[in-house]
Amino acid sequence: MRFIHIADVHLGMQPDAGFPWSEERGEAIWESFRRIIRLAGREKTDFLLIAGDLFQRQPLLRELKEVNDLFASIPETIVVLIAGNHDYVKRESFYRGFDWADNVVMLLSPEPDCVEVPEKKTAVYGCSYDKKEILENRLDGVRPEGKMKYHLLLAHGGDARHMPWNPGRMAQAGLDYIACGHIHKPGILIPDKMAYAGALEPTDETQLGPHGYIRGTVDEHGTRIQFVPFARYEYEDLVLNVTEDLTQYALETKLKQELALREDGKIRKIIRLKLVGHRAAELEFSPKRLMDCGRIISVEDETRPAYDLEQLKKTYGAGLISAYIEAFETKTDVQSQKALDYGLEALLAARRNG
């Protein structure tokens, strides 16, 4: 039996609000979902498991109809889904009473439920959120039951406010695989037994690295899973080393070259830029101009002005500037170095303006 495990798709979300590429990010979330449906159809995957937060918020009726048509386009794949903390089943939710396609099962109950699929020899367990936060692990008592050969569990949460669980204890329940959602970074909790698929597309700049889905197989030899990168967008840290001869224009040119190296035509990189090194003492870089060079979501300037401290002490003799420099000569921590730089800048500006 073969499955694809996804989670935290967050349809309807538009990440990076206020940036020029934000609108295309929202569309990319929908398109990646459509692509995973096409993939499941091509591969005739037995199950598509969706471990919560298919939507960013309460789904609209038209959105459910759209999603249902996509599911219906892969009739040989059984789709099983639960609601997470973002798209939890409110009293007036359109999830309630929705007429899903024949190959779709939503485990709508807030208590553990099960669907058996005899033709696949598989039982799938899980429960949906009925509120934003669930402070207890409602899945703790789930155990394989019935005559099915394979047993899978959909689980959304894992932190203190969202279905807190103990992975080791859950893995001992005898289930063949536990498909987790809620944490957006993909991760294996128990090898070949319990994993977070992560968000299908990353949803904010803290979610660095590849995102995608889990592909798995369960047979008489056990369970085998593999994380598969699939996202169109990827956040990445870029550190540029600055020297004192580098101008704003030269830095922009260097940055554009680095951005070009990171584009491969398939994955669009969104960059968190950090500047390190020493800049000319009189120069301040413009974060806005750097962000205009491409998909730069943040600029962290950790450069230090390239003061010649020994020359400054000679120039200003036994005055305040020399004394200030000497007060920091034995202090090498970051905060002290920043204090030295800022203080010198203020003292030198006062001398120039005096």
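**Close-ups of cysteines and salt bridges**

**View 1. C114, a cysteine with a free sulfur.** With a relative accessibility of 31%, C114 comes out as partly exposed in this predicted model. How many disulfides does the structure hold? The count is zero. C114 is no exception: the nearest cysteine sulfur belongs to C127 and lies 13 Å away.

**View 2. C180, tucked out of reach of the probe.** C180 has a relative accessible area of 0%, so this cysteine is buried. Its closest cysteine sulfur sits in C127, 12 Å off. A disulfide needs the two sulfurs within 2.5 Å, so that gap is too far for a bond.

**View 3. D16 and R25, a salt bridge between buried partners.** This pair is one of 21 salt bridges in the structure, and the closest N and O atoms of D16 and R25 are 3.4 Å apart. Are the two partners buried or exposed? D16 has 10% relative accessibility and counts as buried. R25 is buried too, at 0%.

**View 4. E31 and R38, part of a salt-bridge network.** Here the closest N and O atoms are 2.9 Å apart. Both residues count as partly exposed, E31 at 25% relative accessibility and R38 at 42%. Zoom out a little and E27 and R34 join in: salt bridges link these two with E31 and R38 in a network.

**View 5. D219 and R224, paired by a salt bridge.** The N and O atoms that come closest are 2.7 Å apart. On the arginine side, R224 is partly exposed, with 38% relative accessibility.

Notes:
Residues numbered from 1 in each chain as written. Predicted model: local features only at pLDDT ≥ 70, side-chain atom pairs only at ≥ 80, totals over all residues. Heavy atoms only, no water. Buried < 20%, exposed > 50% of the residue type's maximum accessible area, 1.4 Å probe, protein only. Salt bridge = Lys/Arg side-chain N within 4 Å of Asp/Glu carboxyl O.
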